[in-house]
Amino acid sequence: MKRLTLFLLSLFILGCSELIDPPKNLVPKDTMAELLAEFALNEQLGMVVSNVNLDNATRFALQQKKVKGNDFVESYKYYTATGDIEKIMTQAQKIILNKDPAAKEYIEKKIKENKNVPPFVR
C-alpha cells in the first residue's frame, strides 16, 4: 500500500511540472525585452515632461510591435512564473544602455547608493 501511495504521489508531482501553461499568443522574449525597455524610457520621459500621456505611449509601443495588451500581460505572468523575467529584464537594460550610454553612469551611481537592488539590475 505504501508503494502504491508513493507511486501515485510521484505521478502527481511529475504531472504538475509547470507552474503555469504558456499562453496561446506568447510574446517572444526579445520582443518582451524591447517593450519593457520602451516602457521604462517612456516612464522616464514622463518624469521630465509633465504633459506626456503614458497610456498613449504604451499603446503606441504595443501597436508598433503588433502585440495586444492582454497578450503582453499573460506573457509577463508566464515569464515571471517560469523565472525567465530576470533574463528579459537584463536584456531590456542592455537595450536601454545601447540607446543611451550616459545612463550607465546613472545606473551605477544608484546601485552604489542602494545595495538592496534586484539581481537583474546589477
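This is a short talk on how the helices of one predicted model pack together.

Hi everyone, thanks for coming. Please keep in mind throughout that we are looking at a predicted model. Let's start with the overall layout. The protein chain has 122 residues, and 24% of them are buried. Its secondary structure comes to 6 helices and 0 strands, so reading from the N terminus you simply get α-α-α-α-α-α. If we take the contacts between residues at least 6 apart in sequence, 72% of them join residues at least 24 apart.

Now to the packing. Two packed helices are described by the angle between their axes and the distance between the axes. I'll use that pair of values for two contacts, both of which involve α4.

First up is α2 with α4. Helix α2 covers residues 29-48 and helix α4 covers residues 69-82. Their axes come within 11 Å and cross at roughly 110°. With angles from 65 to 115 degrees counted as roughly perpendicular, α2 is roughly perpendicular to α4. Who is doing the touching? On the α2 side we have Lys29, Met32, Leu35, Leu36 and Phe39, and on the α4 side Phe72, Ser75, Tyr76 and Tyr79. By type, that contact divides into 7 nonpolar residues, 1 polar and 1 charged.

Next, α4 with α5. Here the axes are 7 Å apart and the angle is about 115°, which again makes α4 roughly perpendicular to α5. Tyr76, Tyr79 and Thr80 come from α4, while α5 brings Ile85, Ile88 and Met89. This contact has 5 nonpolar residues, 1 polar and no charged. You'll have noticed that Tyr76 and Tyr79 turn up in the contact with α2 and in the contact with α5.

Let's move inside. Which residues touch the most other members of the largest nonpolar core? They are Leu35, Leu36, Phe39 and Phe72, out of 19 residues in that core. Helices α2, α3, α4 and α5 each supply at least two of the core's residues, with α3 running over 54-64 and α5 over 85-99.

Phe39 deserves a moment of its own. Setting aside residues up to four places away in sequence, Phe39 touches Thr58, Ala61, Leu62 and Phe72. Phe39 also joins Phe72 and Tyr76 in one aromatic cluster. Across the whole structure, a search finds 3 aromatic pairs.

Right beside Phe39 in the numbering is Glu38, which also lies in helix α2. Is Glu38 buried, partly exposed or exposed? It is partly exposed, because its relative accessible area is 24%, and buried would need under 20%. Beyond its neighbours within four places in sequence, Glu38 is in contact with Ala61 and Lys99. So Ala61 is a partner of Glu38 as well as of Phe39. If you like a distance to check on screen, Glu38 and Leu62 are 24 residues apart in sequence and 9.5 Å apart in space, C-alpha to C-alpha.

One last stop, for those of you who enjoy backbone torsions. Lys66 has a phi near 60°, a positive value in a residue other than glycine. Where does Lys66 sit? You'll find it in the loop between α3 and α4. Lys66 is exposed, since its relative accessible area is 78%.

That's my tour; happy to take questions.

Note on methods: Residues are numbered from 1 along each chain as its sequence is written. This is a predicted model: local features need pLDDT of at least 70, side-chain atom pairs count only at pLDDT 80 or more; totals for chains, interfaces and linings use all residues. Side-chain values use heavy atoms; hydrogens and water are left out. Axes are lines fitted to C-alpha atoms, for helices over the stretch in contact, and angles run from 0 to 180 degrees between N-to-C directions. Helices (H or I, at least four residues) and strands (E, at least two) are DSSP runs, numbered from the N terminus. Angles under 35 degrees count as roughly parallel, over 145 as roughly antiparallel, 65 to 115 as roughly perpendicular and the rest as oblique. Contact means heavy atoms within 4.5 Å. Ala, Val, Leu, Ile, Met, Phe, Trp, Tyr, Cys and Pro count as nonpolar, Asp, Glu, Lys and Arg as charged, and the others, Gly among them, as polar. Rings of Phe, Tyr and Trp (its six-membered ring) pair if their centres lie within 6.5 Å; planes under 30 degrees apart count as stacked, over 60 as edge-to-face and the rest as tilted. A nonpolar core is a set of buried Ala, Val, Leu, Ile, Met, Phe, Trp, Tyr and Cys residues joined through side-chain atoms within 4.5 Å. Buried means under 20% relative accessible area, exposed over 50%, partly exposed in between (1.4 Å probe, protein chains only).
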